[in-house]
Amino acid sequence: MLPSRSKLSVVVFLLPPLLLYAAAVLLPIVQSLVLSFFSWDGISDMQFIGLANYRHMLTGDPVFWRTFANQLGYVAICLILQLGGGLVVASLLATLTRGREVIKVLYLLPAVISTVAIAFLFQRVYSIDPVGPLNTLLDVLGLGGQERPWLSDVHTVLVAVSAPEGWRFIGLYTIILYAALLTVPRELEEAARLDGANQWQIFTRIRFPFIRPVWLTTSIMATTYALRGFDIPYLLTNGGPGQSSELVTTYMYKTAFTSTDYGYASTISVFIVVECLVAVGLILLVLRRKAV
Amino acid sequence: MSTRILTRPQPSATRSAPPAGQPAAARRGPNLYRVLSRVIIWVLVVVQVYPLVWVFLTSLRDERDFASGNPFGLPSSLTLDNYSRAFAHGHLGRYIANSLIVTLGSNLLIVVCGMMGAYALQVLGFRFSNAVRAMFLVGIIVPVQIALVPLFIDYSKINLLDTYPSMIIPLAGFALPMAIYLFSSFYGYIPRETYEAASLDGAGPYRIFARITLPLSVNTIVTVVMVNSIFIWNDFIFANTFVLSDNLKTIPLGLQNYIGAMGKTDWTATFAAVCVTVTPLLLVFLVLNRAMIYGLESGATKG
């Protein structure tokens, strides 16, 4: 604590950030909670309906569960690409002696591009008429039978809308994990190697435990980002065909701004927050316990 | 062994390998591993960069060439027609100006509020500072979707819908927790003695903020601005929800206009527009990537 501070100065410095935070984040959370107990279309009077929205969401809305399952698939694909891919590539990158800085920048490039541009890009990448890069690549590799309109095939569309999101942040997680790997003391690895540990053992017994705190943070980041993932599926397919690529987030958005069912949309958005909190809780539970 | 740390020799080639093993194979082991890892690293570079190169090449292609040609082929002829069509069709300049206003406004709010909050929490300190800090930090994981419906309703009540602040407030508010976190962790490194000495010389909290904390924060400010600019410049969800009129559209919304606006999508012009709108941020990123990469790394590793 600063010796010469006054109560007033604390208030002066704390008030602007608190006001901003309250207006943009805290108040809307409270409002969403309140709205979730009402039925309201924005025009007629608000009607208190208690838990009816929650009951409908959890027991009477098959579309909601469909979107929840899709969201889990979306999260899984993002995590495999971002965390799995990121960790593998970061480990490989740590063996490079030259060009690391350039490669880091190149990996991060897609993160700079707007999601709208990425959606355009992948619409072309997946297209079959005219034949886009993905289908051309399959043809060149002799997998011509696998060519398809990736975004209108119900079996592939979820993967097709998830992959771009995973792709765009691989570089971000690679760079973070790579920075963490560089902090692992060389002597530890050398000592283990002299004791006969193989590459896999060095990774699981020394490197990974050492970077576990960072792994924890990146897991939380990647999972919560994927749980709120919205832009690319919304722009690429708008949930279609049918509901095969509808996520909880896009469903909530449509409920709010297409069907103008503000009450039910708020219920779903509360669910999205709960999802994130539960996910963070689970990650802490799993990764913290192993650390002991 | 220790002279070849960076090549990570296969352990099977060292201790566990029987002495009768072929020495040639033992030598090939590490090389194979090395070659394979190089190949994977460069394949990923291609995967990350090629799509953007492809967009750029397409933006220079003739329309007919694009419709019929092999997507991997180089353009048969280069043309800047797409760019003139891109500018003629949309209000690209308008979109870019709007994005600049929103990005600058949000960054200003984030930096000022972030520094003030971190200063109050980390330097001044007060009784419930830990509770307040926790309240801010929770914001890092709060999904933006929760704010869409309430803000839409509130904005329409106070006539803020379809204005710059309608985008700036939530963009800054949701970025604030991370900014406070980054500034706080940096302020933690400024030695307490600096502040105590200034206090003894009679400097109050405002003067100390202006003369010591602010000048020292420049690097962190660059980092915070870089990281946030990327997300704000590219923000789609807030703009799409709160902006209704065409002359307030930011780049992501403006780009959407290119789709289907002419019945059939003019892809080459669309990609030209993408190139134009991506360029400013890309240039800043290529120049300041060190600050940004540092920010991303420290944001996650200092926790």
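User: Why is α7(A) described as roughly antiparallel to helix α9 of chain A?

Analyst: In this predicted model, α7(A) and helix α9 (residues 199-227) of chain A pack at an angle of about 155 degrees, their axes lying 9 Å apart. Angles over 145 degrees count as roughly antiparallel, and α7(A) is therefore roughly antiparallel to α9(A). The crossing of the two helices is right-handed.

User: Which residues make this contact, and how do they divide by class?

Analyst: From α7(A) come Tyr173(A), Ile176(A), Leu177(A), Ala180(A) and Leu181(A), and from α9(A) come Arg207(A), Ile211(A), Val214(A), Thr218(A) and Ala222(A). Eight of these residues are nonpolar, one is polar and one is charged. Arg counts as charged, so Arg207(A) supplies the charged residue.

User: What makes α4(A) and α7(A) oblique to each other?

Analyst: Helix α4 (residues 100-112) of chain A meets helix α7 (residues 157-181) of chain A at an angle of about 140 degrees, with 6 Å between their axes. The antiparallel class requires angles over 145 degrees, and the perpendicular class ends at 115. The pair α4(A) and α7(A) is therefore oblique. Their crossing is left-handed.

User: Which residues of α4(A) and α7(A) make the contact?

Analyst: On α4(A) they are Lys104(A), Tyr107(A), Leu108(A), Pro110(A) and Ala111(A). On α7(A) they include Trp167(A), Arg168(A), Phe169(A), Gly171(A) and Thr174(A). By class, this contact has nine nonpolar, two polar and two charged residues. Lys and Arg count as charged, and Gly is counted as polar.

User: What makes α1(A) oblique to α7(B)?

Analyst: The axes of α1(A) and α7(B) come within 8 Å and cross at roughly 125 degrees. An angle of this value exceeds the perpendicular range, 65 to 115, but is not over 145, and α1(A) is therefore oblique to α7(B). The crossing is left-handed.

User: How do you know that Gly173(B) belongs to the contact of α1(A) with α7(B), and how do the residues there divide by class?

Analyst: Pro17(A), Leu20(A), Tyr21(A), Ala23(A), Ala24(A) and Val25(A) of α1(A) meet residues of α7(B), Gly173(B) and Phe174(B) among them. Twelve residues of this contact are nonpolar, one is polar and none is charged. As Gly is classed as polar, Gly173(B) is a polar residue of the contact.

User: Where does α7(B) bend, and how many of its residues are buried?

Analyst: Helix α7 (residues 164-187) of chain B bends by about 40 degrees at Leu176(B), and Pro177(B) follows within four residues. Leu176(B) also takes part in the contact with α1(A). Of the 24 residues of α7(B), 20 are buried, and the helix is mostly covered.

User: How many residues of chain A are in contact with chain B, and which element gives the largest share of that side?

Analyst: There are 87 residues of chain A in contact with 87 residues of chain B. The largest share of the chain A side, 16 residues, comes from helix α1 (residues 7-35) of chain A. That side consists of 59 nonpolar, 20 polar and eight charged residues.

User: Why is Asn234(B) called buried?

Analyst: Asn234(B) has 25 other C-beta atoms within 10 Å. The threshold is 20 or more, and Asn234(B) is therefore buried. It is located in the loop between α10 (218-233) and α11 (237-242) of chain B. Beyond its neighbours within four places in sequence, Asn234(B) is in contact with Ser114(A), Thr115(A) and Pro252(B).

User: Where is the kink in helix α6 of chain B centred, and which residues of α6(B) are buried?

Analyst: The kink in helix α6 (residues 145-157) of chain B is about 30 degrees and is centred on Leu151(B). The buried residues of α6(B) include Gln145(B), Pro150(B), Leu151(B) and Phe152(B). After α6(B) comes Asn159(B), with a positive phi near 55 degrees.

User: How many helices and strands are there in chain A and in chain B?

Analyst: Chain A has twelve helices and two strands, whereas chain B has 13 helices and zero strands. In chain A, 46% of the 292 residues count as buried; in chain B, 42% of the 303 residues do.

Note on methods: Residues numbered from 1 in each chain as written. Chains lettered and ligands numbered in written order. Predicted model: local features only at pLDDT ≥ 70, side-chain atom pairs only at ≥ 80, totals over all residues. Axes fitted to C-alpha atoms, helices over the stretch in contact; angles between N-to-C directions. Parallel < 35°, antiparallel > 145°, perpendicular 65-115°, else oblique. Left-handed = near helix turned anticlockwise from the far one by under 90°. Contact = placed C-beta atoms within 7 Å. Bend = angle between axes of the 7 residues up to and from the residue. Buried ≥ 20, exposed ≤ 12 C-beta atoms within 10 Å, placed from the backbone.
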